[in-house]
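Have your viewer ready? Let's take a short walk through this model, one selection at a time.

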Amino acid sequence: MLDTKVTELLNQQINKELYSAYLYLDFSNYYYDLGLEGFGNWYKVQAQEERDHAMLFVQYLQNNGEKIVLEAIDKPAVELTSAKAVLEEGLKHEQYVTSLIHGIYDAAYSVKDFRTMQFLDWFVKEQGEEETNADGLVKKFELFGDDPKSLYMLDSELGGRVYAAPSLVL
Ligand code: FEO
């Protein structure tokens, strides 16, 4: 049995990760509508990764005999105003998710729940990578976004991203 507060936060994180998937699917659709299919692909793959994250939290709770409580997933709440603004929103969202993961870690730490801390280690690292990726996209867009040829090249590069299952197996 896990601590009640830790279990509650892990359950909430399922919803947050599914919301992230939903949000990034919205981003993806926005880019497809603009004709930036590479950006659309990049965020579609990102949405798949977020769904995987949710499933890892589900699996972890099940492995520990805890009850899963699913809540409604909110409608994506970010206004999509420009190709660059969406990337900035993506970075902001990842920073928010990092704060959530750290919050669960903190709760686990305070009750000496070493098992959950070890489970979350993967997510702490993953969030570092996701923030770096999101920040990299903003920077690349700042450098190349105003030049159509460069934007075309960047879009082509992002179109090459392929989905890979998460490295964490529970
Ligand atoms: Fe699952 Fe991008 O946080």
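**First stop: His53**

Select His53: at a relative accessibility of 1%, this residue counts as buried, because the cut-off for buried is under 20%. Keep in mind as you look around that the model is predicted. His53 sits in helix α2, which covers residues 37–63.

Now show the side chains of His53 and Glu17. A polar contact of 3.3 Å joins the two. To see what else surrounds His53, set aside its neighbours within four places in sequence and add Trp122, Phe123, Glu126 and Glu130, which are in contact with His53 along with Glu17.

**Second stop: His93**

Move on to helix α3, residues 83–110, and pick out His93 there. Is His93 buried or exposed? With a relative accessible area of 9%, His93 is buried. Again leaving out neighbours within four places in sequence, select Tyr19, Ser20, Leu23 and Tyr24 to display the residues in contact with His93.

**Third stop: helix α3 from end to end**

Put a distance label between the end C-alpha atoms of α3: they are 41 Å apart, which agrees with the 40 Å that its 28 residues should span at 1.5 Å a residue. Just after α3, click on Lys112, where phi is positive at about 55 degrees.

**Last stop: α1 against α3**

Finally, colour helix α1 (residues 4–34) together with α3: their axes come within 11 Å and cross at roughly 170 degrees. α1 is therefore roughly antiparallel to α3. Colour their contact by residue class and you will find 20 nonpolar, five polar and four charged residues.

How values were computed:
Residues are numbered from 1 along each chain as its sequence is written. This is a predicted model: local features need pLDDT of at least 70, side-chain atom pairs count only at pLDDT 80 or more; totals for chains, interfaces and linings use all residues. Side-chain values use heavy atoms; hydrogens and water are left out. Helices (H or I, at least four residues) and strands (E, at least two) are DSSP runs, numbered from the N terminus. Buried means under 20% relative accessible area, exposed over 50%, partly exposed in between (1.4 Å probe, protein chains only). A polar contact is a pair of N or O atoms within 3.5 Å; within protein, one must be able to donate a hydrogen and the other to accept it, and residues adjacent in sequence count only if both atoms are side-chain atoms. Contact means heavy atoms within 4.5 Å. The expected span of a helix is 1.5 Å times one less than its number of residues. Axes are lines fitted to C-alpha atoms, for helices over the stretch in contact, and angles run from 0 to 180 degrees between N-to-C directions. Angles under 35 degrees count as roughly parallel, over 145 as roughly antiparallel, 65 to 115 as roughly perpendicular and the rest as oblique. Ala, Val, Leu, Ile, Met, Phe, Trp, Tyr, Cys and Pro count as nonpolar, Asp, Glu, Lys and Arg as charged, and the others, Gly among them, as polar.
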